[in-house]
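Here's a quick briefing for anyone opening this structure for the first time. Have a look around, then read on.

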Amino acid sequence: MTQPSVVTAQPVPERPALPLVGHALSLPKGFAATAHMMKEVRELGPVYRVRAFGTELVIVGGLDLVAELADESRFRKNVHPELVDIRQFAGDGLFTAFNHEPNWRKAHDILMPAFSLGAMRDYHATMLRVARSLIGKWDQAAGRRAVDVPGDMTRLTFDTIGLCGFGYDFESFRQEDPHPFVEAMTRALAFTQAKGEAIPGSERFWLKRSERFRQDVTLMTSLVDEVIRQRRRSGGSSTGDLLGRMLHTPDARTGRPLDDVNIRNQVITFLIAGHETTSGALSFALYYLTKHPEVLARAQAEVDALWGDAETPGPAGLRHRRRLPPPRGVRGGRGRRCRQHASHLHARARRRCPLRPGAHRPGGADEVWAVLEAGGKVYVCGDGRRMAPAVREAFTAIHRRRTGADEEEAARWLVGLVESGRYVEDVWAG
Ligand code: HEM
């Protein structure tokens, strides 16, 4: 049984902070921010705090703690301000949807099978085609000029997602410059990130950049809308790719497929969420393979054993990937393991990724009320200055909503819970 104990309570560590500005001046931006956080976790410990202009962020590092946060029975995703900005072009797509938006559940149910191993087999031939474009380009460069590995991994992932997901060819290997969509998305993501890192309000003076952002949003949404229109015009009803699945699969609960605006949001989401994560992971994987020739030799031997000299490697080999051992320290159920693995990779490979792996996820009011009605006990542990009062407020609000009580009655109800030992605080002053 857990007992509150002041002996175990300790402040969340943090560097000395300036009034108001907090740590803002010492926080590096962009890619350097991730490396900085990893360094701070090594020096301050796996949980530490940063403050900037009144906003506090608790940074958590390490597989075990990330796994705690990935437990969806206790935490939900937090659509933080930067993600709210991304909603201007990704709307209620899976990544930026608020928990309460109905399309999140609907899209999740409809799309889940499109990410299964069986679906991967269907995408295999297309993936192979794109991989061959990459190899063709690198063969031509061999011995003549250096290749831009991260740039080509971005080409590879964009083309793969475009073709496997929506039958759209960005033709990235046939042109020197990136596709206008890719440029617009890169700029728009950089804009939202810069806004998130800027002194609040300063973006009002970014007139030119804001206008460019609006144009980029229009370019992205118009292109995707045209892809959807063309698919509808083609008259088919295949559910063989992500777009077909979204257009023609009825939701089991409502009987209706996703609407076109949400489909557009999902298409943009897949391109954002899929391309930089995957291109980053591939770039790092290639880098480390070149640094560890013994691992490269093992990977090569495995590929040779699976496909030998086959001119066209088939998708059958995909099933063998299950034999690969999970990364060290990864445990838990299947879904949980995938999430941990993804978060781990994401944290390492993210270059300028807007999609943060960590999230604060409060439990929902229904679950909280159900636990209380069943006689459950509440144990609140953490920051006593801001978090604990906010939790008390949330509990009294739930009580008022459920029972129609006024503020005073709700406060008395909470005192009753505390007195009966059903609401225990083990908090420290931040
Ligand atoms: C190595 C490659 C990838 C990594 C490391 C990665 C990492 C992650 C992580 C950590 C999350 C959860 C974030 C959170 O809950 O806060 C996530 C969610 C998501 N990822 Fe990926 N991802 C990768 C590839 C992809 C690809 C290829 C796609 C699509 C084509 C994709 C689409 C999504 C979507 C839609 C979500 C939101 C899911 C939901 O909330 O329902 N990801 N990814």
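At what angle do helix H14 and helix H15 pack, and how far apart are their axes? Helix H14 (residues 387-403) packs against helix H15 (residues 407-419) at an angle of about 115°, and the axes are 9 Å apart. Keep in mind that this is a predicted model, where local features need pLDDT of at least 70, side-chain atom pairs count only at pLDDT 80 or more, and totals for chains, interfaces and linings use all residues. Residues are numbered from 1 along each chain as its sequence is written.

**The big picture**

- The protein chain comes to 15 helices and 4 strands; helices (H or I, at least four residues) and strands (E, at least two) are DSSP runs, numbered from the N terminus.
- Of the chain's 430 residues, 20% count as buried. Here a residue is buried if 20 or more other C-beta atoms lie within 10 Å of its own, exposed if 12 or fewer, and partly exposed in between, with C-beta atoms placed from the backbone.
- Take the contacts in the chain between residues at least 6 apart in sequence: 67% of them join residues at least 24 apart. Two residues are in contact if their C-beta atoms, placed from the backbone, lie within 7 Å.

**How far to trust it**

- The chain averages a pLDDT of 81, and 83% of the residues score at least 70; pLDDT is the predictor's confidence in each residue, from 0 to 100.
- Residues 1-7 have a pLDDT below 50, and this stretch has 4 contacts in the model beyond near neighbours in sequence.
- Residues 320-362 also have a pLDDT below 50, with 65 contacts in the model beyond near neighbours in sequence.
- Where pLDDT is low, the predicted coordinates should not be read in detail.

**H14 and H15**

- Back to the opening pair: H14 passes H15 in a right-handed crossing. A crossing is left-handed if the near helix is turned anticlockwise from the far one by less than a right angle, and right-handed if clockwise.
- The axes are lines fitted to C-alpha atoms, for helices over the stretch in contact, and the angles run from 0 to 180 degrees between N-to-C directions.
- On the H14 side, Arg-392, Phe-395, Thr-396, His-399 and Arg-400 make the contact, and on the H15 side it's Ala-410, Ala-411, Trp-413 and Leu-414.
- Sorted by class, that contact has 5 nonpolar, 2 polar and 2 charged residues. Ala, Val, Leu, Ile, Met, Phe, Trp, Tyr, Cys and Pro count as nonpolar, Asp, Glu, Lys and Arg as charged, and the others, Gly among them, as polar.
- Arg-402 sits in H14 as well, and it is partly exposed, with 15 other C-beta atoms within 10 Å.
- Arg-402 and Ala-365 are 37 residues apart along the chain, and their C-alpha atoms are separated by 9.6 Å.

**H7 and H8**

- Helix H7 (residues 180-197) packs with helix H8 (residues 207-234) at about 135°, their axes 9 Å apart.
- That angle makes H7 oblique to H8: angles under 35 degrees count as roughly parallel, over 145 as roughly antiparallel, 65 to 115 as roughly perpendicular and the rest as oblique.
- The crossing of H7 past H8 is left-handed.
- Among the residues that meet here are Phe-181, Met-185 and Phe-191 in H7, and Phe-213, Val-217 and Leu-223 in H8.
- The contact's residues split into 11 nonpolar, no polar and 4 charged.

**H6 and H10**

- The axes of H6 and helix H10 (residues 260-291) come within 8 Å and cross at roughly 140°, so the two are oblique to each other.
- This crossing is right-handed.
- Residues making the contact include Met-153, Phe-158 and Ile-161 of H6, along with Phe-270, Leu-271 and Leu-282 of H10.
- By class, there are 12 nonpolar, 8 polar and no charged residues in the contact of H6 with H10.

**Asp-152, a residue to look up**

- Asp-152 lies in helix H6 (residues 149-166).
- Asp-152 counts as buried because it has 21 C-beta neighbours inside 10 Å.
- Leaving aside residues up to four places away in sequence, Asp-152 touches Leu-134, Lys-137 and Val-147.
- The C-alpha atoms of Asp-152 and Phe-173 are separated by 8.2 Å, with their positions 21 residues apart along the chain.

**Two positive phi values**

- Leu-20, in the segment before helix H1 (31-44), has a positive phi near 65° and is not a glycine.
- Leu-20 counts as exposed, with 10 C-beta neighbours inside 10 Å.
- Glu-171, in the loop between H6 and H7, isn't a glycine either, yet its phi is positive at about 50°.
- Glu-171 counts as exposed, with 12 C-beta neighbours inside 10 Å.
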